Amino acid sequence: MRTLSISAALVCLALLSSVHAEEKLSMSDADKAMYAELLENNPAEMEVGEGEQLFNSLIGSAAYAKMLGVKEKDLPKTIAGFPRYVEPAKKVVTLSQSLQMALANQGKEVSKLESPEIIKMTAYIKSLANGQKTSIDVKANAHMKEMMALGQQVFEERRGGRGLSCNNCHSADIVGQRLRMQPLPDLGAKVTAAAGTWPAYRMTQGQMVTLDKRMQQCMENALLAKIPLGSREMVALEVYVTNKTKGNAIQIPGLKR
Amino acid sequence: MAEMKTLIKIKPKDYKAGDIVKIDFMAMHPMETGMRKNKDTGELIPANYIDEVKFSFNDKLITKMVIWESLSVNPLMSISFKVPGAGTLKVVAKDNKGQSVESTTQITPKG
Amino acid sequence: MERRSFLKGFGAAAACAIAIPQVVSAADEKKNGGPNEMSYETAVSAITGGKALVASAKVKMEAPEIAENGAVVPVKITVDSPMSEKDYVKAIHVLASKNGNVRCANIYLTPANGEAYFGTRIKLGGTQDVVAIAEMSDGTFLSTKQNVKVTIGGCG
């Protein structure tokens, strides 16, 4: 009897402490507001500015629009629809890859996808679509349909030593759960606005990071082999993840933990 | 070393003489503490941080900041300023290695 | 013309009777190569010169109770003051009580600021108190502090 009451008391204590811990774990609305306010002075604005200089000196919007086969004034709309099928490449490409193509067209040295030049220029041209909605069209053609299907497969495939898939931590089912002390985001949620807010400044890294690079960092931490940047699988993953937030506003540069 | 990138913002955008505005100053700087190790070599990365920032208006010093490595990477420094009239706001930031950058913006009160 | 600009310059100098001290104080000292280690007690006495530190509601600090990462912690400090020639805040000092070098920034203000305010973002090595010390023109030192819990983030 006595043991029972003690264990009951212990359970009570455990419950209480878990409630208490929950309180401590979550940021207050005031705290969240302070972090939201950081967006007003996003250090990545300086990098976007550098991206603008680079883009204008290396490529220029006239040449870029011509390569994509659109009018210059339609660039924001076109950019909001990436990744998309691009005729000269004969495949679905990301915004960063389209810049590599444009560099090659201009006879310029083609920087790597992870180079600061490409990251800054990607952020700059995507910022031209700020205020537009993410308008990826995964049914636009057979190429897009194929990449969407592949992207879903990559997203859901369990791999690595722990048999984890992207879906394990980033589906609607996990909302409210935490990894260490960080709430796990549903990549399809309106508030997450995932795809429309990358490239983003990562506070913990003190630098701007692209969506594909961020996904690689996620894979690394989940003990999955990193899918190479620019590979068909990585582009497909970007297609799939971007489509989850179709219709959300594009706000570049984003600001993340 | 490439020149330090900086950004000055005056908030709000529209102001009159006599108003108190906020001056937000940001600089691209690694703010190395000297306590971090290079992951490949295991060697300490030497401290490299902005150590002084001076704000002046029409060449008159209004605020001087002595800064240490504890400010975040690409730091933000924000102060208030009572707009006396039109003029030039100058911010000079210097780091512990002697690199320095001067940024200016025009203060243009309306009315 | 020459004379006018001279007078103007003189006037500016006269109005600028309140000058920011150009002498490097103990509180401002740093080692060239770093790291600049300094404990909380040492830093406080370097700032106050041994004078009393008075906790005061005049000094207000806005910082998160829970920081989502230790790399970027927003901190805003405001001090109630008319910021007049006679009564103003000479300096705002920001300290992170448990960082290796607790000193973050010494901000030397003038009445031209119109308001005693400093906003920044700091690095915190772990959960600790962030302390703000305001050096008033009457020679007193007012302070406030806030505990900031630094969380360990999720994936990468």
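Two strands are taken to pair if DSSP finds at least two bridges between them, and with that criterion in mind the tour of this predicted model can begin in chain C.

**First stop: β4 and β7 of chain C**

Select residues 73-79 and 116-122 of chain C, which are strands β4 and β7; the two run antiparallel and are joined by seven bridges. Within this pair, pick out C:Ile77 and look across to β7(C), where its bridge partner is C:Phe118.

Stay on β7 of chain C and select C:Tyr117, which is found in that strand. Is C:Tyr117 buried or exposed? It counts as buried, because it has 23 C-beta neighbours inside 10 Å, where the cut-off for a buried residue is 20 or more. If neighbours within four places in sequence are left aside, the residues in contact with C:Tyr117 are B:Ile79, B:Ser80, C:Ile77 and C:Thr78, and the list thus includes residues of chain B as well as of chain C. For a view along the chain, add C:Lys98, which lies 19 residues from C:Tyr117 in sequence and 23 Å from it in space, C-alpha to C-alpha.

**Second stop: the sheet that runs through chains B and C**

Now widen the selection to the whole sheet, an open one of six strands in the order β1(B)-β2(B)-β5(B)-β7(C)-β4(C)-β2(C), with antiparallel pairing. At its edges stand β1 (6-11) of chain B and β2 (59-62) of chain C, and since each has a single partner strand, one side of each is left without a neighbour in the sheet. From one strand to the next the twist averages 15°.

**Third stop: where chain B meets chain C**

Show the residues of each chain that touch the other: 31 residues of chain B and 35 residues of chain C take part in the contact. On the side of chain B, β3 (50-57), β4 (60-67) and β5 (76-82) each supply at least two residues, and β4(B) gives the most, with eight residues. Coloured by class, this side of chain B divides into 18 nonpolar, eight polar and five charged residues.

Keep β4(B) selected and add strand β6 (residues 103-108) of chain C, to which it is joined by four bridges in an antiparallel arrangement. Here B:Ile67 stands opposite C:Ala105 in β6(C).

**Fourth stop: chain A and its side towards chain C**

Turn next to chain A, which has 11 helices and seven strands. Of its 257 residues, 35% count as buried, and among its contacts between residues at least 6 apart in sequence, 68% join residues at least 24 apart.

Select the part of chain A that meets chain C, where 20 residues of chain A are in contact with 15 residues of chain C. Helices α2 (29-37) and α10 of chain A each supply at least two residues to this side of chain A, the largest share, four residues, coming from α10(A). By class, the side of chain A that touches chain C has 10 nonpolar, six polar and four charged residues.

**Fifth stop: helix α11 of chain A**

Select residues 232-244 of chain A, helix α11, whose 13 residues reach 19 Å from the first C-alpha to the last, close to the 18 Å expected at 1.5 Å a residue. How many of the 13 residues of α11(A) are buried? The number is 11, so the helix is largely enclosed by the rest of the structure; among them are A:Met234, A:Leu237, A:Glu238, A:Tyr240 and A:Lys244. To see what surrounds them, display β2 (91-93), α8 (142-156) and α10 (211-221) of chain A, against which the buried residues of α11(A) pack.

**Sixth stop: a helix crossing and a three-stranded sheet**

Select helices α6 (residues 95-105) and α7 (residues 116-127) of chain A, whose axes come within 9 Å and cross at roughly 110°, which means that α6(A) is roughly perpendicular to α7(A). The contact is made by A:Leu95, A:Ser96, A:Leu99 and A:Gln100 of α6(A) with A:Ile118, A:Met121, A:Thr122, A:Ile125 and A:Lys126 of α7(A), and these residues divide into five nonpolar, three polar and one charged.

End at the open sheet of three strands in chain A, ordered β6-β5-β7 with mixed pairing. Strands β6 (207-209) and β7 (254-256) stand at its edges, each with a single partner strand, so one side of each is left without a neighbour in the sheet; the twist averages 35° from one strand to the next. Between β5 (residues 200-202) and β6(A) the pairing is antiparallel, over three bridges, and A:Arg202 stands opposite A:Gln207 in β6(A).

How values were computed:
Residues are numbered from 1 along each chain as its sequence is written. Chains are lettered from A and ligands numbered from 1 in the order in which they are written. This is a predicted model: local features need pLDDT of at least 70, side-chain atom pairs count only at pLDDT 80 or more; totals for chains, interfaces and linings use all residues. Axes are lines fitted to C-alpha atoms, for helices over the stretch in contact, and angles run from 0 to 180 degrees between N-to-C directions. The expected span of a helix is 1.5 Å times one less than its number of residues. A residue is buried if 20 or more other C-beta atoms lie within 10 Å of its own, exposed if 12 or fewer, and partly exposed in between; C-beta atoms are placed from the backbone. Two residues are in contact if their C-beta atoms, placed from the backbone, lie within 7 Å. Ala, Val, Leu, Ile, Met, Phe, Trp, Tyr, Cys and Pro count as nonpolar, Asp, Glu, Lys and Arg as charged, and the others, Gly among them, as polar. Angles under 35 degrees count as roughly parallel, over 145 as roughly antiparallel, 65 to 115 as roughly perpendicular and the rest as oblique.
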